[in-house]
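Open your viewer and get ready to select residues by number. Each stop on this tour tells you what to pick and what is there.

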Amino acid sequence: MVVHSAAERVLAGLDPEQRSAVTAPAGPVCILAGAGTGKTRAVTSRIAHRALSGDISARHVLAVTFTARAAAEMRSRLAVLGVPGVQARTFHAAALRQVRYFAPRLLEGRAMPELLDSKVRVVTLAAAKVGLRADRAAARDLAGEIEWAKSSLVEPGEYVVAAAKALRETPYEPAKVADVFAAYERLKRGNGVIDFEDMLRAAVWGIEEHADVAEQVRGQYRHLVVDEYQDVNPLQQRLLDAWLGGRDDLTVVGDASQTIYSFTGATSSYLVDFPRRYRGATMVRLVRDYRSTPQVVGLANAVISQARGAEARLRLELHGQRPPGPEPDLRIFTDEPAEANAVAARCRALIDGGTPAREIAVLFRTNAQSEAYEKALTEAAVPYVVQGAERFFERPEVRQAMIALRAATRSIPGETPLPVAVVEGLAAVGWAPDAPPAGGAARERWEALAALVQLAEEYAATPEVVPIGEAVAIERPVTLGDFNEELARRAAQQHVPTVEGVTLASLHSAKGLEWDAVFLVGLAEGTLPTTYAKTPEQVEEERRLLYVGITRAREWLWLSYAAARSPGGRARRPSRFLPQLDRSGGGERAGGGAARRTERRRAQVVSCRICGATLLAGADRKLGRCPTCPSDLDEELYERLREWRQRVAGAQKVPPYVVFTDATLTALAERKPGRTEELIAIAGIGPRKLGLYGDTVLALVAGAGVDEVGPQKSFEI
């Protein structure tokens with residue numbers, strides 16, 4: 001009786017869908033859990049409910065996930081629920097534990113090979129064996145290709161065909177990568193070491209080829225749970241199948257809309273195909289979002305509703321459960337420096353308003369984008385931390401580039417234009433201003449050095465003013481030496497250690513995290529989706545990246561892009577995934593009137609007079625500022641304008657808003673126009689109202705009292 005009452009207590013506070021997941025019968029269960037829907041609570045409650053009701057024993061449960069942090073969270077929650085003893089581990093930790101346990105039996109007394117913590121060193125040696133000189137970035141990309149191949153159960157001799165079928169963008173010619181792969185495997189065997197994929201394969205081999213090991217493992221682990229099932233790769237699925245041994249007491253949890261790691265070999269196909277593989281499986285959908293406001297949830301739904309492909313078949317429409325919050329803030333800036341400065345200013349305002357810095361995040365598509373935000377936050381005195389990557393000036397390639405640029409001052413003539421000098425100086429570290437190389441790490445290295453060239457272009461656009469005598473000054477072009485000093489200054493500022501700060505992170509590294517306030521920046525075509533997303537499947541993964549970014553925000557969400565990369569640069573379009581920003585959609589083109597209205601809106605660009613962002617909403621355009629930018633309202637003038645409007649409306653026998661709306665009065669009291677040109681620039685004051693009320697309004701703004709102007713004067717034409 002006590003046991004069953006404890007099991008019933010586990011169900012307390014669960015919503016109907018979570019309760020269905022927890023109480024589903026033994027056997028195959030697939031929980032489709034949207035972002036913020038309480039999936040960890042549901043899966044740990046399912047384990048606890050089954051254990052406390054006597055259906056299973058906790059020591060016979062193996063729960064696997066993808067990060068040590070997530071595994072620790074599961075163990076902690078299970079302990080609170082009164083069910084200690086469940087093995088909650090990552091795939092690698094579970095496999096390593098089993099391989100070590102069975103090593104004496106499987107290896108017949110031989111010592112277990114040493115486990116490599118990184119492939120890069122051995123890959124570098126393997127590349128040299130086949131005639132390739134691979135720097136650290138190239139070695140990282142080669143290591144990534146080898147990890148993808150091994151995770152996909154591809155052998156060196158199969159790599160060329162498999163890479164072609166998978167449309168891999170390889171760092172070298174596929175045949176060369178295959179040669180490096182084969183040399184890497186030979187070097188490992190010769191040195192008596194294994195990598196993480198070998199360890200997973202060893203766990204599979206131990207079970208599949210040794211009946212006694214299989215019997216012991218399956219006797220220990222009778223009930224399996226897999227979190228983040230959309231991120232499983234073929235090798236991990238092979239290990240899961242070995243653990244199961246044909247049994248079906250399996251609970252998986254996942255969200256196909258958060259599939260963003262396919263480049264590593266992860267595939268959502270196992271999640272998508274679960275109902276076909278396990279006929280009669282229980283399917284539960286968790287759609288109540290407890291993390292984000294309905295406004296954030298609404299935008300997430302709008303973005304993912306346009307998804308196509310296999311993952312879209314399991315798309316979930318979320319329902320926000322939190323009280324309403326502010327609408328997502330959509331901003332367009334003239335260039336990336338303006339965007340970064342506005343983000344930094346808003347971070348400063350949020351912190352000053354009481355939001356802890358640790359509850360704010362700035363998320364971008366690539367790590368190379370971080371430099372502009374590191375600089376802007378530093379100048380705004382906003383502390384920050386970089387998640388999942390080194391700070392810009394701490395990256396090895398940037399440090400090497402700065403050394404090369406200092407050395408270049410001795411060989412490059414002083415009159416050489418700065419951008420040209422920087423490009424010539426970077427040639428010493430192998431950088432050239434042509435198309436970036438294939439491979440993630442090599443491309444990221446290229447983009448980081450390209451960011452230095454862009455900095456040089458911006459720095460060269462502001463020549464130094466040199467005074468001569470008391471009243472005369474000349475402009476001196478900045479030199480490479482000046483630029484080196486500027487880089488050193490920035491590096492010194494950004495090396496200040498921080499204990500707590502705004503998080504800077506790529507969208508990939510932000511998965512699984514959440515913040516009160518999130519800035520999604522750089523949402524332009526060519527960045528998100530990246531220009532390297534060429535197939536429909538790759539483009540859809542970029543859409544899911546944005547979806548993941550949106551669903552990180554609990555309450556306050558900012559989305560922005562810069563119309564040009566640098567001041568005066570080539571114009572860009574907003575990301576196709578943002579229907580609120582992209583006015584060129586087919587639906588509006590189909591209706592001629594809607595399209596014409598869209599073109600008129602495009603032609604009348606209105607910028608915030610405080611932060612410079614392009615204003616999209618009608619009320620914001622009328623005010624001339626963003627709703628979140630500080631108001632400079634003259635309250636006394638506003639009250640005089642209201643009183644005057646009331647008198648005019650009474651004389652005309654019309655509602656007050658027919659004269660001027662509240663938004664127009666607010667704009668007048670904030671902007672305080674002194675001339676006719678300034679007055680007509682305020683949205684809502686056209687030629688007719690200018691003729692009717694223009695002189696009177698200007699007199700009120702100048703300080704006249706309501707009794708002085710009187711309602712009659714409003715009709716003087």
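Leaving aside its neighbours within four places in sequence, which residues is Asp227 in contact with? Keep in mind throughout that this is a predicted model.

**Stop 1: Asp227**

Select Asp227. Its place is the loop between strand 6 (223–226) and helix 12 (234–244). Now show its contacts: Lys39, Val64, Thr65, Phe66 and Val253. Asp227 has a relative accessible area of 6%, so it is buried. Next, show the side chains of Asp227 and Lys39. They make a polar contact of 2.9 Å.

**Stop 2: two aromatic pairs**

Stay with Phe66, one of the contacts of Asp227. Add Phe91 to the selection. How far apart are the ring centres of Phe66 and Phe91? The distance is 5.6 Å, and the planes stand at 55°. An angle from 30 to 60 degrees counts as tilted, so this pair is tilted.

Trace the chain between the two rings. Phe66 sits in the loop between strand 2 (61–65) and helix 4 (68–80). Phe91 belongs to helix 5 (residues 91–106). The two are 25 residues apart, and the pair links distant parts of the chain.

Is Phe91 buried or exposed? Phe91 is buried, at 1% relative accessibility. Phe66 is partly exposed, at 26%.

Now jump to Trp644 and Phe660. This aromatic pair is also tilted, with 6.2 Å from centre to centre and 40° between the planes. Trp644 is in helix 27 (residues 635–652). Phe660 is in the loop between helix 28 (656–659) and helix 29 (662–671). They are 16 residues apart. Trp644 is buried, with a relative accessible area of 0%. Phe660 is buried too, at 1%.

Then select Phe333, Phe519, Trp556 and Trp558 together. These four form one aromatic cluster.

**Stop 3: the parallel sheet**

Select strands 11, 18, 17, 12, 16 and 13. These six strands form an open sheet, in just that order, and the pairing is parallel. Which strands are at the edges? They are strand 11 (329–333) and strand 13 (384–387), and each pairs on one side only. Look along the sheet for its twist. Neighbouring strands are turned by 20° against each other on average, direction ignored.

Zoom in on strand 12 (residues 360–364) and strand 16 (residues 502–506). They pair in the parallel sense over four bridges. Pick Val362, and you will find Leu504 of strand 16 opposite.

**Stop 4: helices on the sheet**

Add helix 16. This helix lies across strands 11, 12, 16, 17 (515–520) and 18 (553–562). Helix 16 runs at about 160° to strand 18. Then add helix 17 (residues 370–379). Helix 17 packs on the sheet and touches strand 12, strand 13 and strand 16. Its direction makes about 170° with that of strand 16.

Pick Arg348 in helix 16 (residues 336–352). What does Arg348 touch, not counting residues up to four places away in sequence? It touches Ala380, Ala381 and Val382. Arg348 and Ala381 are 33 residues apart in sequence, but their C-alpha atoms are 7.8 Å apart in space. Arg348 is partly exposed, with a relative accessible area of 24%.

**Stop 5: salt bridges**

How many salt bridges does the structure hold? The count is 42. Visit a few of them.

Select Arg544 and Glu311. Their side chains meet in a salt bridge of 3.6 Å, N to O. Arg544 is in helix 23 (residues 536–550). Glu311 is in the loop between helix 15 (294–304) and strand 10 (319–320). The partners are 233 residues apart. Arg544 is buried, with a relative accessible area of 4%. Glu311 is buried as well, at 17%.

Arg544 also forms a salt bridge with Glu541, with the closest N and O atoms 3.4 Å apart. Glu541 and Arg544 are three residues apart in helix 23, so about one helical turn separates them.

Finish with Asp707 and Arg647. Their salt bridge has its closest N and O atoms 2.8 Å apart. Asp707 lies in helix 32 (residues 706–709) and Arg647 in helix 27, so the pair ties together parts 60 residues apart in sequence. Asp707 is exposed, with a relative accessible area of 66%. Arg647 is partly exposed, at 30%.

Methods. Residues numbered from 1 in each chain as written. Predicted model: local features only at pLDDT ≥ 70, side-chain atom pairs only at ≥ 80, totals over all residues. Heavy atoms only, no water. Phe/Tyr/Trp six-rings, centres within 6.5 Å; stacked < 30°, edge-to-face > 60°. Buried < 20%, exposed > 50% of the residue type's maximum accessible area, 1.4 Å probe, protein only. Polar contact = N/O pair within 3.5 Å; in protein donor to acceptor, adjacent residues only side chain to side chain. Contact = heavy atoms within 4.5 Å. Salt bridge = Lys/Arg side-chain N within 4 Å of Asp/Glu carboxyl O. Pairing = 2+ DSSP bridges. Axes fitted to C-alpha atoms, helices over the stretch in contact; angles between N-to-C directions.
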